[in-house]
Every structure is written in C-alpha cells, then in structure tokens.
Amino acid sequence: MPDALDAYIAEHQGRWTAELRELCAIPSEATDARALQRAADWCEQRLRAAGCGARQITVDGAPPLVVGETGAGARTLICVQHYDVQPAVPLDLWTSPPYDPTLRDGALYARGVDDNKGHLLLRIQAVEAYRAVYGELPIRMRFLIEGEEESGSAHLGAMLATDPTLTDGDGALKEGGSVDSQGRPQLLLGGKGIFYVELRVRTLARDAHSGGATYLPNAAWRLVNALATLMDERGRVLIDGFYDDVRTPTAEERAHVAALPFDADEVRRIYALRAFAFRREDMDVRIASQFEPTCNIDGIVSGFTGEGTKTVIPAVASCKIDFRLVPDQDPARIATLLRAHLDRHGFDDVESVYKEGTRPYRGRWDDPLVRAAKAAAEEAFGREAHLVPTSGGTSPMWAVCHKRSLANVTLGMGHPGSGAHAPNENIVLANYWNAVRATARLYSLYATQE
Ligand SMILES: [Zn+2]
C-alpha cells in the first residue's frame with residue numbers, strides 16, 4: 001500500500017530529476033578545479049535546502065570537503081560521499097554527451113549519475129522527504145562529501161584531522177549501492193584498497209633504427225620483462241611479502257559468499273568472455289572477488305603504434321598499474337615491497353612512481369546498521385537483499401571508520417549495466433525512487449534497530 005512517503009516521492013520526481021541533471025551537468029573531473037568548486041557549492045546549498053547545517057573544510061591543494069549535519073537522536077550515521085567523477089574520455093564512445101544528462105527508456109545517462117552523484121543526491125533528497133513527511137530525523141546525520149575520491153582521497157585524512165569529531169559516529173553509509181540482474185539489492189560492507197603506481201624505464205638516449213636490435217636495449221622489452229616478474233599465470237602476485245597482511249576470511253565468511261547468487265553466464269555475456277581470467281571456475285571467481293588482492297595493468301605506452309609500419313627501438317616505456325588491496329594490506333608497505341622486488345630482480349633502472357594509495361576496509365556484519373539497511377532495502381525493492389563483504393572498488397572508508405571500527409553499508413540503485421567509470425554511465429529511474437524510499441526508511445529504522 002502506498003503511504004505518505006511514497007506520495008511525497010511521487011510528487012517530487014520532476015524537481016528531483018531536474019536537480020540530478022543539474023548536478024550531473026557539472027564536469028567535476030579531477031583536472032577541473034573550478035567545476036569541482038561549483039559541485040562543492042552545489043552540494044552545500046542542496047544540504048541547506050534539505051534543512052541541514054552545511055559548511056566546507058579546505059586544505060591546500062585539494063577540493064573542499066562538504067560537511068552537512070542534521071537530526072537528533074542517540075545514533076549518528078556518517079554519510080561518506082563524493083562529488084568528483086572519473087574522466088569522461090573517450091568521448092566518441094558516448095551515445096549522448098557525458099555532461100548533457102539525457103533520458104532514454106527510463107534511464108538517465110551522464111558521467112557520475114551512478115558514481116556517485118545520483119547516490120549522494122538521493123541521500124539528501126531522502127532527508128528532505130523524511131523531514132517533510134515525519135518531521136525531525138530520529139538520528140543524527142553527518143554528510144562528508146569529498147571531491148577527490150576518484151583520484152585517491154589524498155587529502156581526506158588531513159581534512160578530517162582538522163576536526164576529529166567528524167569521525168565520531170555509530171555507523172557509516174558508504175557511497176554507491178546497486179541491485180543485481182534480478183533486481184535484488186546488494187549491500188556492500190566494505191571496499192578494497194588501492195595502490196596505484198607508474199613504472200617508467202629509459203634504455204637509450206633516443207629512439208634507434210631496429211637494425212641495432214642485436215645490441216641496443218629496447219625499453220618496451222625491458223618493461224615487459226619487469227612486468228612478467230610481478231604475477232604468475234594464475235593471478236598470484238610474486239612480490240615477496242605481498243600476502244603477509246592479508247586477513248584470512250573466516251569459514252563463515254567463505255560459506256556466506258559461496259551461497260550468494262552469482263550469475264556467471266550474465267557476466268560472460270556482458271563481456272563476451274570465453275573463460276574467466278586465471279582459469280578460475282565460477283566458485284573461485286566469487287571467493288577471489290571478495291578476498292583476493294590483484295595486480296592490474298591499466299595501460300602500457302611505448303614506441304610506434306600508429307598506422308603502417310615503422311622499424312624502431314623505443315628508448316622509453318611506461319605503464320600504470322593498480323593493486324587492489326584487501327584488509328589489512330597497507331599501500332605504503334606494498335610500495336616498499338614492489339621497489340625491493342624490482343631491485344632484487346635486476347630492474348633497478350625501472351623507476352616506480354607512487355600515484356595514490358587508499359587502505360582497504362571491511363566492516364562488521366553483526367551490527368544494527370546492517371540489519372536496518374537490509375530491512376529498508378527489502379521493503380523498498382520488494383526483493384531479498386544480499387550482504388556482500390566487499391566491493392571490488394575503493395572508497396576511503398578506512399579513514400572514516402577505523403578509529404571506532406564502524407560498520408559501513410551501501411544502500412543504492414546502480415545496476416549491472418550502469419557503466420560506472422565507463423562510457424554511457426546510466427541509472428534506471430525506477431530504481432532511483434526505490435532507493436530514495438529505502439534510504440528514508442533507513443533513517444527511521446536505524447534509530448531503534450537492535
Ligand atoms: Zn565512487
């Protein structure tokens with residue numbers, strides 16, 4: 001039966017969609033400081049319009065952290081979000097321009113509409129809806145909306161340190177959230193960490209004629225040989241000490257993950273796969289996706305790759321690598337281990353440049369926040385919700401949650417074809433309205449959940 005909350009949501013879909021388009025039209029990529037500031041200001045104003053106290057915290061060299069606070073009650077929920085987006089390039093792969101939000105077949109297409117502007121906005125709209133329908137929030141809410149998440153949250157720790165009470169809370173609502181291909185809400189209870197590094201090597205003062213390939217060292221081969229020492233064909237990272245701090249999943253965690261629905265055929269269909277990487281079987285894919293760290297080459301550049309032929313020995317080669325880390329790996333330590341590995345294997349000429357690092361975080365399952373989020377999701381979406389220990393992606397939850405070992409959870413509306421970080425990013429509006437409802441219900445259930 002529709003209730004007053006449903007009625008309020010139905011009545012405001014027009015304005016709320018217009019707001020989402022407005023926020024998504026701001027190209028808040030890491031390289032556009034003015035757009036980042038505009039997005040921060042937009043968020044601050046929207047928080048105020050929903051009845052929150054709002055302010056910006058700034059430190060040198062970083063876009064502001066927008067802080068919004070409202071509500072009263074025994075529990076404090078920290079809502080950790082971001083207004084920056086991944087680069088939209090390559091633009092020619094977009095059906096409609098990434099910063100011209102476009103509605104097609106009930107879906108809204110724009111860069112950031114899923115990750116994370118749609119999610120951050122619906123959490124504010126849920127505050128508005130709750131207050132309009134029921135009055136004051138029965139919990140204290142603290143929004144922490146940063147602008148550097150997609151490039152590693154390098155200054156978040158420093159901004160949080162300006163006011164240590166910012167991380168005083170009882171639980172955290174993480175960015176994002178999704179439903180699976182059957183429409184069942186997926187509640188993530190953690191995220192992988194990341195260590196992002198660039199490797200560079202120069203073997204010659206300048207490129208040379210390939211007639212000299214018998215005696216002139218080729219930078220591309222040099223880099224490829226170094227890369228080949230990092231990981232074996234089964235996906236096992238070969239850096240000494242890499243797995244030392246990996247927290248072994250409990251039997252209960254493994255059994256929980258093994259029992260989660262996993263549509264292997266759908267994944268194979270979406271990516272047109274012949275087989276999963278590293279000869280992994282379906283069951284191994286699920287366990288590894290939750291508990292295994294990775295070493296992933298993001299791109300390699302060297303020599304001539306244009307049309308036609310050119311016989312050349314490249315003088316330089318470089319690549320970018322991300323290691324997705326699991327609790328309790330530390331990106332700073334992995335950086336040290338990587339350097340030692342390259343030196344030990346005779347690659348002291350291969351330079352490693354640290355780009356970013358974020359620690360992994362996996363929170364408690366047995367917590368009122370997790371139970372309240374599951375109940376709210378199941379009520380709003382009308383389907384069983386699943387608890388998933390960790391996202392494959394990275395959020396700065398360690399910085400916010402580790403002091404008090406907070407539980408954290410996602411409650412959102414992305415779908416398997418949302419295309420976060422990819423061209424044609426989109427959300428299904430029907431899921432969006434369900435997520436607004438679920439979030440408003442979370443605010444009330446969390447107040448009293450055992
Ligand atoms: Zn994100």
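# Reading a zinc site and its surroundings

Colleague: R362 is found in strand β17, residues 361-362, and I should like to know how a strand is defined here.

Modeller: Strands (E, at least two residues) and helices (H or I, at least four residues) are DSSP runs, numbered from the N terminus. This is a predicted model, in which local features need pLDDT of at least 70 and side-chain atom pairs count only at pLDDT 80 or more, whereas totals for chains, interfaces and linings use all residues. Residues are numbered from 1 along each chain as its sequence is written, and side-chain values use heavy atoms, with hydrogens and water left out.

Colleague: Is R362 buried or exposed, and which residues does R362 touch?

Modeller: Buried means under 20% relative accessible area, exposed over 50%, and partly exposed in between, with a 1.4 Å probe and protein chains only. R362 counts as buried because its relative accessibility is 6%. Contact means heavy atoms within 4.5 Å, and, leaving aside residues up to four places away in sequence, R362 touches L189, G190, R247, E253, Q290, F291, P327, P389 and T390.

Colleague: Which residues coordinate the zinc ion?

Modeller: Donors are N, O and S atoms within 2.8 Å of the metal (3.2 Å for Na, K and Ca), and sites may look incomplete because water is not among the atoms. Here the zinc ion is coordinated by H82 through NE2, D115 through OD and E175 through OE, at 1.9 to 2.2 Å. Along the chain these donors follow the spacing H-x32-D-x59-E. The pair H82 and E175 links distant parts of the chain, 93 residues apart: H82 lies in strand β3 (residues 76-82), and E175 in the loop between β7 (171-173) and β8 (178-179). Both H82 and E175 are buried.

Colleague: Where is S178 placed, and which residues does S178 touch?

Modeller: S178 is in strand β8 and is partly exposed, because its relative accessible area is 23%. The C-alpha atom of S178 is separated by 4.5 Å from that of M413, although the two residues are 235 residues apart along the chain. Not counting residues up to four places away in sequence, S178 touches R184, P185, Q186, G412, M413, G414 and H415.

Colleague: How should I read the pairing of strand β2?

Modeller: Two strands pair if DSSP finds at least two bridges between them. Strand β1 (residues 53-57) runs antiparallel to β2 and is joined to β2 by five bridges, with G53 having E69 of β2 as its bridge partner. Strand β6 (residues 140-146) also pairs with β2 in the antiparallel sense over five bridges, and there G68 stands opposite F143 in β6. Strand β2 (residues 65-70) is mostly covered, five of its six residues being buried.

Colleague: Which residues of helix α1 are buried, and why do they lie on the same side?

Modeller: An α-helix has 3.6 residues a turn, so residues three or four places apart point the same way. In helix α1 (residues 4-11), L5, Y8 and I9 are buried. They lie on the same side of α1 because they cover an arc of only 100 degrees around the axis, the arc being that of the directions from the helix axis to the C-beta atoms. What covers the buried residues of α1 includes α2 (13-24), α4 (117-134) and α13 (429-448).

Colleague: How does the span of α4 agree with expectation?

Modeller: The expected span of a helix is 1.5 Å times one less than its number of residues. The 18 residues of α4 should therefore span 26 Å, and its end C-alpha atoms are 25 Å apart, which agrees. Of these 18 residues 14 are buried, so that α4 is mostly covered, and α4 is followed by G135, whose phi is positive, near 100 degrees.

Colleague: Which peptide bonds are cis, and where does a residue other than glycine have a positive phi?

Modeller: Most residues other than glycine have a negative phi, and most peptide bonds are trans. A cis peptide bond joins V89 and P90, with omega about 0 degrees, and P90 lies in the loop between β3 and β4 (102-104). Another cis peptide bond, again with omega about 0 degrees, joins D115 and N116; D115 is also one of the residues that coordinate the zinc ion. A272 has a positive phi, near 50 degrees, and counts as exposed because its relative accessibility is 66%. S405 has a positive phi of about 45 degrees, and at 42% relative accessibility S405 counts as partly exposed.
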